[in-house]
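Here is a colleague's note on the structure you are about to see, set out as numbered points. Please read each point with the coordinates open beside it.

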Amino acid sequence: MDVQWLLIIHGLLTLLVVVSFLCGQWPIFEGTPIQRIHYFLTFGAYDYFLRFVGSVFGEKAINAILSVEYFCCDRPNPVLQIIYLAIIGITYYFIAKSSFSYIPGYYLSGFHRYTSLLGVGIGVFFFLLTSFADPGTVKAENVSQYQSAYPYDNIIYTEKECSTCKIPKPARSKHCSICNRCVARFDHHCGWMNNCIGERNTRYFMAFLLWHLFLCLYGIVALGFVLAGRLKELRVVYILTVYYGIENSFRKLAPHVVQILLMVFLAVVSLLLASFFGYHANLCRTNTTTNETVKWQDHMNWLRKVNEARASAAALKASINGMSSERKPPDSKWKTFFRRSPLEDSGAVVKNNIYDKGILHNVWEVISPPSTRRSFLRTKSKSS
């Protein structure tokens, strides 16, 4: 098979897997192969694997796998941190092995050898900073300060005590079952960082995402310039089409095939990072967290159900009153067709997020968390 067809098939399969994994649960893909692939990737493959292991090795083997799953998914562990470092190291190794011999080239100067290493180093620095920074652990010593920093909205947050830590739960905090601690302005537990993302390290997490997005885009552009330079210098297209078949020159083209595959990989990772960064940037813009997004969805759904129940009761009462009162002539079919149902009006519920105080204030709260400010430290010293 020609190399170009291998590259096209590789790109299409990569796109199919990414779209199925990320978007397969969307209603538009319901009943399609993409939905089935999504189910297989997220649940089916693991379920079939457990069944296979159980049928071959018995229940003890399944329990051993579930123990490994518990360690990897439900307890603090460095597995994904090691995988991240391996991905970064292996990707950079292949880029250096396949491309550094062509730098400096027709379009790139030798300076890019050092900027690429610097870029990877800064990315690893942000990774380590996010991983080991305190996310904003709530303790008995600082719980009163966090309570004053974030007021209760009495909607999704009310005064209560953490049943595990036995201390009051400040608004916007959550007890992480994996880390076994309460975290202020809790967003989510990130397995890649082996750490919670909270009030104090959200800024580092955002910097990590943004920098890795730029790093992948830089890699795509740099590899593209390397390929373009080699094609121009060696007149590869002319030579392959006039004198040789692709198969006869595959060994000479091997480094460039690796570069193309790396470009496809970096492009896919860029799309993932861009969507993830965009999602969290929007959360920062509205001063909301991932945890609060789920809470608000549950609250809004509950409000809609309450309003629908009230509207149904009011409509039933009105119909009963109408039956007992003087009979009116029936409305025309056109009026009945265009009349809005009371249940449609009942669905309008409003999200009242008291923590959203404008874009500038919201972004500044991420960059400069309340617990790092002098006012917070002064309040802490007074209380102690």
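The points below go from the overall make-up to single residues and their surroundings.

1. Before any detail, please keep in mind that this is a predicted model. The protein contains 14 helices and five strands, and 34% of its 384 residues are buried. Among the contacts with a separation of 6 or more, 67% are between residues 24 or more positions apart.

2. On the cysteines, a search of the whole structure finds zero disulfides. Cysteine 196 is the case to look at, since the nearest cysteine sulfur, which belongs to cysteine 176, is 3.4 Å away, whereas a disulfide would need the two sulfur atoms to lie within 2.5 Å. Cysteine 196 is buried, because its relative accessibility is 0% and the limit for that class is under 20%. Cysteine 216, with a relative accessible area of 10%, counts as buried too.

3. How are the strands ordered in the open sheet of three strands? The order is 1-3-2, and the pairing is antiparallel. Strand 1 (137-138) and strand 2 (174-176) stand at the edges, and because each has a single partner strand, one side of each is left without a neighbour in the sheet. Between strand 2 and strand 3, which run antiparallel, there are three bridges, and in this part of the sheet lysine 174 stands opposite valine 183 of strand 3.

4. Arginine 185 deserves a careful look, as it is placed in the loop between strand 3 (181-183) and strand 4 (188-190) and is nevertheless buried, with a relative accessible area of 4%. Its side chain makes a polar contact of 3.2 Å with the side chain of asparagine 287. When neighbours within four places in sequence are set aside, the residues in contact with arginine 185 include Tyr150, Arg172, Ser173, Glu199, Asn287, Thr288, Glu365 and Val366.

5. Asparagine 287, the partner in that polar contact, is found in the loop between helix 9 (250-285) and helix 10 (290-324). Its phi is near 55°, a positive value in a residue other than glycine, and I would suggest checking this backbone angle by eye. Because its relative accessibility is 0%, asparagine 287 counts as buried.

6. Arginine 172, which is among the contacts of arginine 185, lies in the loop between helix 6 and strand 2. This residue also has a positive phi, near 75°, although it is not a glycine, and at 0% relative accessibility it counts as buried. The charged end of arginine 172 sits over the ring of tyrosine 355, at 4.5 Å from the ring centre.

7. A search of the whole structure finds eleven aromatic pairs. One of them joins phenylalanine 127 and phenylalanine 208, whose rings are tilted, with 6.1 Å from centre to centre and 45° between the planes. Phenylalanine 127 lies in helix 5 (residues 111-132) and phenylalanine 208 in helix 7 (residues 202-234), so this pair ties together parts that are 81 residues apart in sequence. Both phenylalanine 127 and phenylalanine 208 are buried, and together with Tyr84 they form one aromatic cluster.

8. What is the geometry of the pair made by tyrosine 157 and tyrosine 355? The ring centres are 6.4 Å apart and the planes stand at 65°, so the pair is edge-to-face. Tyrosine 157 is in the loop between helix 6 (143-149) and strand 2, while tyrosine 355 is in the loop between helix 12 (342-346) and helix 13 (359-367), and the pair thus links distant parts of the chain, 198 residues apart. Both tyrosine 157 and tyrosine 355 are buried, and the ring of tyrosine 355 is the one over which the charged end of arginine 172 sits.

9. A last point concerns the backbone at isoleucine 103 and proline 104, which are joined by a cis peptide bond with omega of about 5°. Proline 104 lies in the loop between helix 4 (79-99) and helix 5.

Key
Residues are numbered from 1 along each chain as its sequence is written. This is a predicted model: local features need pLDDT of at least 70, side-chain atom pairs count only at pLDDT 80 or more; totals for chains, interfaces and linings use all residues. Side-chain values use heavy atoms; hydrogens and water are left out. Buried means under 20% relative accessible area, exposed over 50%, partly exposed in between (1.4 Å probe, protein chains only). Helices (H or I, at least four residues) and strands (E, at least two) are DSSP runs, numbered from the N terminus. A polar contact is a pair of N or O atoms within 3.5 Å; within protein, one must be able to donate a hydrogen and the other to accept it, and residues adjacent in sequence count only if both atoms are side-chain atoms. Contact means heavy atoms within 4.5 Å. Two strands pair if DSSP finds at least two bridges between them. Rings of Phe, Tyr and Trp (its six-membered ring) pair if their centres lie within 6.5 Å; planes under 30 degrees apart count as stacked, over 60 as edge-to-face and the rest as tilted. A charge sits over a ring if NZ of Lys or CZ of Arg is within 6 Å of the ring centre and within 35 degrees of the ring normal.
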